[in-house]
Structure formats: C-alpha cells, structure tokens
Amino acid sequence: MSSDPITGVFNDAYIAEVFESYRRDPSSVDASWRQYFRFAESIGGGAASPPRSFAAADDDATIDPSVLRKVAGAAGLVASIRQYGHLAVKLDPLGSPPDGAAELHPEFHGISEADLLDVPAAALGTPGATAADSVARLRLIYSSRLALEVGHLEEEIEREWFRRVMEQGELRVAMTADEKHAMMQRLTEVDGLERFIARAWVNVKRFSIEGTDALVPMLDAVIDEASKLGAREVVIGMAHRGRINVLAHIMDKPYARIFNEFDGKHAGHASSDTGDVKYHLGAVTGRQFPDGRSVGVSLVPNPSHLEVVNPLLMGVARARIAQLGGEESSVLSIAIHGDAAFPGEGIVAETLNMSKLPGYRVGGTLHLIVNNQVGFTTNPKDSRSTYYASDLAKGFEIPIVHVNADDAETCVAAVRLAIMYREAFGKDFLIDLVGYRRWGHNEGDEPTYTQPALYAKVRQHQTARQVWASRLVTNGVLTADAVETMDKELQDRFDGILADSRRDVGLEQPEYEPLRPTPTSMPAVATAVGAESLVTLNERLLTWPSDFTPHPRLAKQLERRREAMGEAGGIDWGHAEALAFASLVTEGVDVRLTGQDSERGTFTHRHAVLNDVNTGRKYTPLQHIPGATGRLEIYNSPLNEMGVLGFEYGYATASPDALVLWEAQFGDFANMAQPIIDQFITADRAKWGQDSGVTLLLPHGYEGQGPEHSSARLERFLQLCAEGNLRVAYPSTSAQYFHVLRRQAKLPIKRPLVLMQPKSMLRLSAAASHLDELVTGRFHPVLDDPQVANRAEVTRLVFCTGKLYYELVGREHPAHLAVVRVEQLYPWPHEDVSRVVDQYPNIAEIVWAQEEPKNMGAWSYVAPRLRASAGNALIIRYIGRPERSSPAEGYASTHAGEQARIVGDVHAEPILPRRVAVR
C-alpha cells in the first residue's frame with residue numbers, strides 16, 4: 001500500500017497510515033510520498049505527527065491541500081522524467097517522432113505546467129527557484145539528446161551515481177571548437193571512404209557503415225578515454241557491418257591494402273589458399289597520444305555468424321588481463337552488435353550472463369548496438385518482442401544509453417559516460433546507436449522491395465557528414481568552402497592511392513607473414529616427469545590447511561592416491577590429470593580448465609576444488625604448490641556450451657603458451673557449440689592465419705545411457721580434419737592421458753586438441769597406470785596388444801579405440817586375435833599402424849571395430865587410411881553397429897545385446913584365406 005504514488009489517493013486516513021510507515025522507514029514508501037512528507041515537515045507539519053492536510057478549521061497552521069497536491073505531483077513528475085525521459089528523446093535520424101509517455105506530462109500527476117511555478121524547488125531537493133525550473137532542467141538532461149535507462153539497476157548506489165553525474169554537470173557533452181573540427185575531418189574520412197569504394201567498385205559488397213558513421217569517432221573517443229584511465233589494450237569484436245571502415249580508421253589498415261583486396265589481390269597470410277573475405281578479417285595496431293600515452297588495439301576476426309564473436313572477445317580480454325598483471329582496467333573489451341542480432345541470437349544472452357561471473361569477468365565490456373532499424377529485410381516488429389533492440393541487457397542490470405547517430409556530439413558524450421561508469425563499477429555498459437542503413441543489406445541488394453517507405457526517407461536524408469557540416473557552418477565553426485575542400489582533398493588522395501596500387505607503385509609489405517602449412521606429424525617432446533617430482537607433487541595435492549575440513553568420504557578417496565604412487569599402481573584418470581596439471585604449473589605453464597561441474601567433475605572423478613563441510617569454503621590444492629610459477633584456474637561454467645567454448649577459444653588464441661581446456665558435461669553437448677568448432681577452431685588458420693591450442697574434453701562411450709549421453713560425435717571432428725588443423729585422440733589409459741596433456745602444452749606449433757574422454761574407464765582398474773609409465777613413458781599414437789603371446793598365431797588383427805578395447809579383451813583372449821588401440825586418429829599415425837601390421841605375419845584379415853553406428857564414429861575416416869597403412873593387400877572388415885539415424889539405443893537391454901554382439905563378432909574365427917607372408 002505505502003509503495004503507491006501519492007497521486008493515487010488523497011485522504012487523511014490514508015495519509016496517516018502512510019506517514020507511520022514513513023516514520024519507521026522512509027525508504028518503504030514511494031518517492032513522491034517522501035517528497036511530500038519532507039515538504040510538509042519543512043513548513044510546519046512536524047515530524048512527530050502526520051501532515052495536516054485537512055486539519056480543524058480553527059487551526060491557523062493548516063497546510064493548503066492544493067499546495068501539497070502540487071508538491072506531490074511535481075515530485076512524481078520529476079521521478080518520471082528520470083525514469084521515463086528516454087521515451088521522449090528524438091532518436092531516429094530519419095525523423096520518426098518519439099512515442100513519449102503519459103507519465104512525462106504534469107497532467108498525469110494531477111497538476112498543470114502552471115502549478116509547477118507554485119512549488120519551491122527546495123521541496124523537491126533540486127536546484128532552481130521553482131519546480132518549473134527543475135523540470136525544465138531535467139527535461140533537458142533526460143529527454144532531449146541522451147536517452148538514459150538506469151531504473152532497472154538493482155543497486156541504489158549506481159542509480160544515485162547516474163543522477164549525480166547527469167544532474168551535477170560531471171558529464172561533458174559540449175565539444176570545443178577544435179574537437180568539432182576534428183569530428184568534421186573524421187566524418188569526412190568515414191563517409192569519403194564509403195563513397196570512393198562505391199564509385200570505384202560499383203555494387204561490390206562492403207557492408208557500408210553509412211547511416212551509423214558516428215561509430216568510428218565513438219571508437220576514437222573510447223580508446224582515448226579508456227587510455228586516460230589506465231587501459232593498456234583495447235580489444236574489439238564486431239560483425240561485418242562497417243568493418244572495412246573500422247579496419248581503415250581504427251585499426252590503421254592502409255587504404256592501399258583495402259583497395260588491393262577490392263581488386264582481388266590478397267597478401268599471403270594463411271596456411272592454405274583458402275583465406276577469407278575482406279569484411280571478416282582482424283587486425284592489430286597501436287595508438288600513441290600527444291601526452292605520451294600509448295594503447296594497443298586489436299580487432300578479433302569474425303565470420304558471418306555475427307554475434308558469435310562476443311564470448312571470444314571476452315576470452316581474449318581475460319587472457320590479456322592476466323598477462324598484464326591481473327588489473328581488469330588494463331584491458332577494455334568492446335562488443336559491436338547489430339540491432340536484429342542482439343535480441344535474436346542466443347549467444348548474446350550467454351555472453352552477458354558471463355559478465356559478472358568470477359571465472360569470466362573482464363571488468364566491464366562496452367556494448368555498442370549499430371542500430372539500422374532493420375535486419376536484412378525484416379522490420380523490428382517482426383524480429384523482436386521488445387520495445388528497444390537493447391532491452392535484453394536490462395535483465396543483466398546493464399545501464400543503457402540510446403543516442404541519435406546523426407548527433408555526433410552526444411554520441412561521444414555517451415562514450416564518456418560509459419567509461420566513467422566502468423571505472424566506477426567495473427561492469428558492462430550499453431550504447432544503442434540509433435541510425436539507419438543507407439543501402440540494402442549489401443550494396444548489391446535493393447532495399448525498396450521490402451522497405452519502400454523507409455528508403456524513401458533514407459534517399460532524401462543528408463549523410464552524417466552533411467548533417468554535422470551544416471551544424472558547424474550554421475554556428476560559424478567552419479565555412480562551406482572549407483568543408484568542400486576537405487572532402488575534395490580526400491577523394492583526390494584516394495584516387496592517387498588507387499592509381500599507384502594498380503601500377504604496383506610503392507606497395508606496402510603483406511599484412512601478414514605467410515605461414516607454413518601445419519605439419520601432419522608432430523615433433524617429439526619430452527613429457528615424462530621424474531618420480532621424485534611426481535611423488536612430491538602428489539603430497540602437495542593431498543595437503544590442505546589445518547582449519548580446512550574436506551568431506552570425510554572424499555578425504556578417504558583422495559588418500560588412495562597416495563597408495564597409487566607405490567608399486568601396486570592404480571593411478572586413475574583424475575589422479576593422472578592432477579599430476580599433469582601440477583607438473584605443468586611447476587614448469588611455468590598456465591593451466592585453465594572450465595566446464596559444467598568441472599571443479600568436481602561430472603562423474604565425480606576430479607575433485608580439483610575441495611569444499612569445507614563446515615563452512616563451504618573452497619580450497620584448490622593445485623593453486624598452492626610451492627615454487628609453481630604457472631597460474632592455474634578451474635571454474636564451474638554456466639550452463640551453456642557455445643558461449644563458454646567461445647570464451648576459452650578466445651583465451652587460448654591470446655595466451656598460446658597456456659594449456660586451455662573446455663570440458664563438456666557429456667560429449668554430445670558439443671553440438672550446442674558447433675559454430676565455434678566449425679567457424680573458429682577448425683578453420684582459423686586457413687582463414688586468418690590464427691592458431692590456438694584449446695583442448696576439448698568430450699566424454700564418449702556406449703554404456704547404455706541413451707542417444708544423448710553416449711556419443712561425442714567423433715565423426716564430425718574427423719570429417720573436419722585437413723591441412724593439419726586439429727589433433728584428435730582417444731587415450732585408453734590414464735598414463736596416455738597424462739602424456740597427451742603435457743604434449744599439448746609443450747608442442748611448439750599450437751593447434752586444437754579434441755580428446756574423447758572416458759566415463760566408466762575413469763575408475764577402471766585396467767585403464768589405471770603405474771608411476772613408471774608417467775616417469776619413463778610418452779604418448780603412443782598406437783598401442784599394440786600386450787596380451788598376445790605368439791604373433792604368428794594371430795589371424796585376425798583388430799583395430800579399435802578407447803573403452804571398446806577393454807570389452808574385447810575382458811573375457812578370454814583367443815589366440816587367433818590381437819586387439820590394437822589407435823590412440824591418435826588425426827593426424828593419422830600411418831607409420832605406427834604399418835609397423836604393427838608388419839608384426840603379424842599370418843593375419844587373414846584386418847577388422848575395424850567400433851561401438852558407434854557404421855555411418856558415425858571413426859569408420860568412414862579410418863577405412864581408406866587403414867587400408868593404405870596395411871599395404872592394400874588385406875581385406876578390411878567393419879564390425880560395429882549398423883547404419884542408424886540415432887547414435888545409440890535408449891533401452892539398456894537393447895544396448896547390452898548390441899555390445900555383446902559386437903564382442904562376439906570380433907572374437908569369431910576369420911573365414912578368409914590367410915595372407916602369404918613376404919619377408
């Protein structure tokens with residue numbers, strides 16, 4: 001009741017009741033009531049009794065009820081302007097009037113404009129003589145040029161900060177004459193480049209920035225302002241709209257290179273002849289300021305999946321923050337969005353959700369929506385269910401400012417406000433740059449087919465450069481001749497650069513050094529670790545503070561890791577992983593692991609992060625190893641895949657010497673991250689000459705858990721393998737896992753590693769290892785059958801991967817059978833496989849056995865390679881599930897029957913004639 005505004009009811013009983021609430025806790029009543037009671041007290045009502053709006057007739061101190069109503073109405077109007085003023089701002093450069101809101105008019109609050117003259121401004125707690133002065137000033141602040149939305153912020157301290165900054169003049173909006181002149185020059189460059197490209201290459205795609213030209217000077221301003229507050233690097237992620245202009249004017253990409261690309265000349269920068277289109281490319285540059293400041297600026301490459309770059313951007317920023325000492329303000333990330341994509345693509349919400357999480361925060365990302373008011377050919381009413389394109393951000397308590405893209409001065413002021421807020425609170429901020437798109441979705445598209453009325457306005461509307469020039473000429477800052485000269489000189493310069501480039505005069509060096517193709521074989525690296533070191537590390541991993549109490553059952557389980565280091569062995573999967581991580585951080589290698597439930601492990605096998613049973617305090621032994629110089633991070637991720645894997649991929653590209661791992665809860669959950677895998681992880685080197693060593697841990701294996709918890713879709717990764725772009729492995733022992741992790745961290749050429757990970761094998765004694773396998777071993781791409789007593793008796797040579805091996809050899813091992821594990825699938829270990837085949841002189845046939853259906857798993861990939869490695873003289877048979885549309889059975893009994901059939905078929909005697917041995 002007491003939260004209702006004062007304009008809702010007005011009678012003595014109600015006032016008395018609300019006044020009691022106010023006396024107990026002023027914050028419990030609506031702001032309009034607080035203003036009312038403060039005013040009443042100031043003119044004689046007294047704090048000890050309710051205001052006497054309808055006091056006895058003989059009471060000379062009676063307060064005029066009409067005055068109180070005016071105060072209450074004025075207070076309500078002031079609050080509404082602060083809350084809803086953005087709805088009255090003229091944001092559309094094309095002239096569509098704002099919708100406004102009834103709450104912004106005094107009549108809504110039971111008063112008139114004239115009544116505001118009767119209310120002292122002091123009663124409202126605002127400067128000025130009367131409420132009319134206060135309201136006029138607030139309308140100028142909140143309803144004229146800069147549309148601010150902060151009412152959704154939960155923290156009162158943040159809302160108060162905005163009121164102070166906006167109302168006390170702390171935000172500078174007006175530009176100096178020099179700044180206005182510089183803005184004219186910049187807008188001339190932005191607009192001029194687009195017009196020149198349109199003239200030189202008619203109807204060629206460039207995804208023009210025209211209509212939101214202010215984006216470039218806004219980026220100029222944000223780099224400058226962030227640098228003043230200590231930023232050493234700025235990282236930008238964006239889609240293709242306006243990217244060429246940003247490359248030229250923010251990333252300092254020479255005009256000659258851009259023109260060469262439009263002419264079809266490309267600098268060799270990739271490991272293949274694939275490359276990418278000009279409006280997907282990234283770049284790195286630096287800026288020097290006259291006062292000696294410098295800042296690095298990078299633009300992350302991005303394919304046509306628009307918003308998919310967002311988590312990558314954050315991952316890059318997080319890695320650079322760590323490398324620069326951990327101060328979040330040292331790196332600013334800027335995410336540039338589209339107005340249709342921001343509410344439409346789920347990756348946006350996934351990324352916003354990570355913004356305040358301990359494992360992912362980067363001290364606040366600046367979001368800029370390049371708002372064309374149309375998505376390709378789709379109108380806003382058909383593409384989103386929200387009023388603003390930015391409304392999604394409200395759910396994550398991100399402040400929002402909307403600006404008219406033709407108002408360059410206010411656009412820059414919005415940037416200043418964003419940087420001030422980030423400095424104060426270390427949180428995200430969003431600017432909605434409301435403009436238009438001068439051409440169609442691309443320059444060969446005809447927009448009047450679908451938006452005739454909109455484009456009738458666009459055709460008649462001045463460019464942003466012309467709008468700004470008119471303003472400066474009108475105000476006497478520049479003459480019309482000076483504006484014209486500025487543009488003509490630029491166009492003449494472009495003509496000269498193009499002419500020189502076409503004559504090959506003074507061409508600059510290629511933007512990238514050509515990269516050698518990734519080798520399909522990997523150099524040998526030492527992965528073994530001394531026994532004494534491993535025992536010492538193991539002891540540290542089993543040590544925690546005296547005041548820390550782990551779960552007693554867990555403590556007992558972990559104690560077995562001490563015994564496993566002895567002669568009996570038994571180093572299981574989680575144990576071997578912990579030793580691999582511990583050894584790497586002591587060698588100075590950073591390790592970062594995230595995923596759903598990764599601290600404990602989905603299958604309760606890892607327990608890298610312990611929880612005190614009494615206090616809930618967390619303790620990570622891997623972070624407390626004496627002498628370790630590498631950082632270790634391990635976090636439970638939010639419940640998404642594409643955003644988190646994108647983040648880790650971005651982190652890995654910016655921190656190439658770190659071992660960065662993402663773990664899927666189940667392997668097929670990687671389905672949800674497919675754009676990251678297809679567009680970045682597998683193709684980045686071919687498209688952009690970019691490398692990463694990100695490692696994917698994908699639990700895989702058929703154990704009767706149904707279609708969605710069995711297969712990590714191994715076939716998809718193998719289908720993507722080419723040009724040495726990936727490493728795909730399926731280790732079958734904990735020692736193999738130990739060595740492949742250390743190899744991945746130490747290999748000089750970084751490429752992603754995809755690991756099929758076990759579930760039941762995590763605790764399988766046969767898959768556990770002895771200490772000496774970690775001390776003297778290495779990763780073996782192929783493991784021969786250790787149970788074969790006489791190779792000459794073997795007539796069937798079976799190749800398989802992972803868990804299936806233990807099922808095939810778990811029962812009686814027939815003398816005619818040898819089961820060989822292929823631990824590394826890509827690059828294909830041709831020589832290792834050939835060497836194994838040559839060890840068996842009397843084999844009649846070779847079998848590839850797998851759990852997956854024939855149209856899935858490794859079979860299609862393996863068949864031609866296995867045939868070549870075996871010398872093409874042997875029959876290659878397939879044993880496994882038949883072709884199916886679903887990866888696995890949903891019924892446990894059917895699953896068990898299929899597994900038994902596969903094992904039985906493998907164990908059967910071959911019926912084909914034996915190969916004649918040639919020695």
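Biologist: I'd like to learn how to read sheets here. What is the strand order in the open sheet of five strands?

Modeller: Happy to help! In this predicted model, that open sheet runs E17-E19-E18-E21-E22, and its pairing is mixed. As a general idea, strands of a sheet pair through backbone hydrogen bonds, either parallel or antiparallel.

Biologist: Which strands are at the edges?

Modeller: Strand E17 (782–783) and strand E22 (875–881) are the edge strands, each pairing on one side only. Take E17: two bridges join it to strand E19 (residues 817–822), and these two run antiparallel. There, Val 782 stands opposite Val 822 in E19.

Biologist: Which helix packs on this sheet?

Modeller: Helix H30 (residues 892–907) does, touching strand E18 (796–800), E19, strand E21 (845–853) and E22. The direction of H30 makes about 160 degrees with that of E22.

Biologist: Let's try the open sheet of seven strands; what is its order?

Modeller: Read it as E12-E9-E13-E14-E16-E15-E20, with mixed pairing. Its edges are strand E12 (632–636) and strand E20 (824–826), each of which pairs on one side only. From one strand to the next, the twist averages 20 degrees.

Biologist: Do E9 and E13 pair in the parallel or the antiparallel sense?

Modeller: Strand E9 (residues 591–595) and strand E13 (residues 659–663) pair in the parallel sense, over five bridges. To find one on screen, look for Leu 593, whose bridge partner in E13 is Leu 661. Helix H25 (residues 734–746) packs on this sheet and touches E13, strand E14 (695–699), strand E15 (727–729), strand E16 (753–757) and E20. The direction of H25 makes about 165 degrees with that of E16.

Biologist: Now for the interior. Which residues touch the most other members of the largest nonpolar core?

Modeller: The general idea is that in soluble globular proteins, nonpolar side chains tend to be buried together. Here the largest nonpolar core has 148 residues, and Leu 698, Phe 799, Leu 825, Ile 846 and Trp 848 touch the most other members. Helix H20 (residues 573–586) gives this core its largest share, nine residues. A second, separate core of 89 residues includes Trp 161, Val 165, Met 251 and Leu 332.

Biologist: What does Trp 848 touch?

Modeller: Setting aside residues up to four places away in sequence, its contacts include Phe 799, Val 822, Leu 825, Trp 859 and Tyr 878.

Biologist: One last feature: how many residues does helix H4 have, and which are buried?

Modeller: Helix H4 (residues 131–142) has twelve residues and reaches 16 Å from its first C-alpha to its last, close to the 16 Å expected. Its buried residues are Ala 131, Ala 132, Ser 134, Val 135, Leu 138, Ile 141 and Tyr 142.

Definitions and conventions: Residues are numbered from 1 along each chain as its sequence is written. This is a predicted model: local features need pLDDT of at least 70, side-chain atom pairs count only at pLDDT 80 or more; totals for chains, interfaces and linings use all residues. Side-chain values use heavy atoms; hydrogens and water are left out. Helices (H or I, at least four residues) and strands (E, at least two) are DSSP runs, numbered from the N terminus. The expected span of a helix is 1.5 Å times one less than its number of residues. Buried means under 20% relative accessible area, exposed over 50%, partly exposed in between (1.4 Å probe, protein chains only). A nonpolar core is a set of buried Ala, Val, Leu, Ile, Met, Phe, Trp, Tyr and Cys residues joined through side-chain atoms within 4.5 Å. Contact means heavy atoms within 4.5 Å. Two strands pair if DSSP finds at least two bridges between them. Axes are lines fitted to C-alpha atoms, for helices over the stretch in contact, and angles run from 0 to 180 degrees between N-to-C directions.
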